[in-house]
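Here are a few short exercises to work through with the sequence and the model side by side. Try each task before you read its solution.

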Amino acid sequence: MVFPINDFELIMMQFILPTSFIFLGLFTGIIGEKVVIKKLKKFVVGKQIPGNQIIFRALHRMTFIWLSLGGCFAAILSYPLKENLEDVLKRVITIVFLYSVTLVCARLAAGFVTLFLQKSEGVSASLLSNLAKIAIIILGTLIILQTMGVQVTAIVTTLGVGGLAVGLALQDTLANLFAGFYLIISKQVRTGDYIKLDGAHEGYVIDISWRNTIIKELSNNVVIIPNSKLSTAIFTNYNLPVKEVTVTVELGVAYDSDLEKVEKITVAIAQEVMQEVSPEQMEYEPFIRFHRFGDSSIDFTLFMRVNEFFDQRLAKHLFVKKLHKRYIEEGIKIPYPIQNIYLHKNGKGNGNGNINTLTEV
């Protein structure tokens with residue numbers, strides 16, 4: 001016996017298959033995100049494939065989104081909808097899918113640009129990686145608009161005409177952007193360089209973004225300088241033309257010192273300091289140069305090499321301590337300024353016309 005099917009049962013039967021597709025898409029999306037991708041990530045990380053973290057970071061949550069969209073698309077095909085409504089839903093799903101693909105491509109582009117630039121010493125990655133991400137997003141947006149039936153040519157033309165007005169409104173931002181490009185291309189300033197602005201801040205360059213250059217001072221404070229200001233400022237880059245720095249220390253010894261002995265001991269102490277602070281620079285032997293007969297000492301300058309600007313602080317600290325101790329052991333005197341003042345008194349003062357001598361230190 002065949003029982004007739006009422007309208008409610010017919011509607012329920014029509015809803016079962018589409019609902020099943022939606023739940024299947026959601027379920028497979030969760031399984032794919034939590035199980036398959038997780039195990040695949042563990043396998044790839046174990047193989048140490050270059051760029052694996054960038055790929056999985058770009059695909060984060062996308063497996064769930066794509067499988068869920070697939071379930072929704074199958075549900076639309078399986079349910080009898082009006083043609084106009086079906087086209088609208090299909091177009092919405094297509095737009096969401098294209099946007100997600102664009103987002104993945106933008107993440108991949110930014111990640112691999114950063115990975116590539118990190119291998120290039122001193123090149124800032126944030127500015128170029130952000131530019132790559134923006135370019136991919138703009139291209140993806142144009143593709144989405146084309147899919148929606150929008151005339152992209154007219155939009156591009158409109159943007160070109162309005163670009164002048166936007167440029168005038170954002171001239172400060174654009175000035176910083178192009179100044180950042182100039183700093184990177186000219187290699188006047190690179191990440192990791194130690195720079196000192198004329199009469200102002202100094203520190204290590206940690207990033208050059210699309211708007212600012214970020215400097216970290218030795219006190220651990222961060223100084224943010226607009227790129228346009230830095231590109232026109234007078235500054236000293238202690239990492240150019242090379243990172244190594246020659247440390248100079250001004251000294252003086254007593255006139256009765258054996259200068260040959262002074263030179264030998266001073267150079268030996270400098271070699272000890274270089275071996276402790278910058279052993280890579282031992283091929284550059286330290287040396288001294290006598291240059292002046294001072295008021296109370298024979299003055300000379302010590303020259304020694306260290307790895308970078310920051311090392312000179314520690315090098316000077318150790319050198320002064322070690323040299324002071326050694327000079328005491330060897331009996332070498334480092335004189336301090338002494339000035340003798342002679343006061344002449346006439347006969348009315350004490351009647352004997354003596355000359356009193358006062359010593360001023």
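**Exercise 1: A residue in a helix**

Ile134 has a relative accessible area of 47%, so the residue counts as partly exposed. Keep in mind that this is a predicted model.

Task: Find which helix holds Ile134, and work out how far apart Ile134 and Ala106 are in sequence and in space.

Solution:
- Step 1. Look up the helix: Ile134 belongs to H5, which covers residues 126–147.
- Step 2. Go along the chain: Ile134 and Ala106 are separated by 28 residues in sequence.
- Step 3. Now go through space: from C-alpha to C-alpha, the two are 7.4 Å apart.

**Exercise 2: Salt bridges**

Task: State how many salt bridges a search of the whole structure finds, then decide whether Asp193 is buried or exposed.

Solution:
- Step 1. The search of the whole structure gives five salt bridges.
- Step 2. One of them joins the side chains of Asp193 and Arg190, with 3.2 Å from N to O.
- Step 3. Buried means under 20% relative accessible area. Asp193 has 3%, so Asp193 is buried.

**Exercise 3: Pairs between two helices**

Task: Explain which parts of the chain are tied together by the pair Glu330 and Lys261, and do the same for Lys322 and Glu276.

Solution:
- Step 1. Glu330 and Lys261 form a salt bridge whose closest N and O atoms are 3.3 Å apart. Because Glu330 sits in H10 (residues 311–330) and Lys261 in H9 (residues 259–277), the pair ties together parts 69 residues apart in sequence.
- Step 2. Check accessibility: Glu330 is partly exposed at 30%, and Lys261 is partly exposed at 32%.
- Step 3. Lys322 and Glu276 form a salt bridge too, with 4.0 Å between the closest N and O atoms. Lys322 is in H10 and Glu276 in H9, so this pair links parts 46 residues apart in sequence.
- Step 4. Look for shared partners: Lys261, Arg326 and Glu330 are joined into one network of salt bridges.

**Exercise 4: How H9 and H10 meet**

Task: Describe how the axes of H9 and H10 cross, and sort the residues of their contact by character.

Solution:
- Step 1. The axes come within 9 Å and cross at roughly 140°.
- Step 2. Angles over 145 degrees would count as roughly antiparallel; H9 and H10 are therefore oblique to each other.
- Step 3. The crossing of H9 and H10 is right-handed.
- Step 4. Among the contact residues are Ile265 and Ile269 in H9, and Leu318 and Phe319 in H10. The residues of this contact divide into twelve nonpolar, one polar and seven charged.

Note on methods. Residues numbered from 1 in each chain as written. Predicted model: local features only at pLDDT ≥ 70, side-chain atom pairs only at ≥ 80, totals over all residues. Heavy atoms only, no water. Helix = DSSP H or I, 4+ residues; strand = E, 2+ residues; numbered from the N terminus. Buried < 20%, exposed > 50% of the residue type's maximum accessible area, 1.4 Å probe, protein only. Axes fitted to C-alpha atoms, helices over the stretch in contact; angles between N-to-C directions. Parallel < 35°, antiparallel > 145°, perpendicular 65-115°, else oblique. Left-handed = near helix turned anticlockwise from the far one by under 90°. Contact = heavy atoms within 4.5 Å. Nonpolar A, V, L, I, M, F, W, Y, C, P; charged D, E, K, R; others polar.
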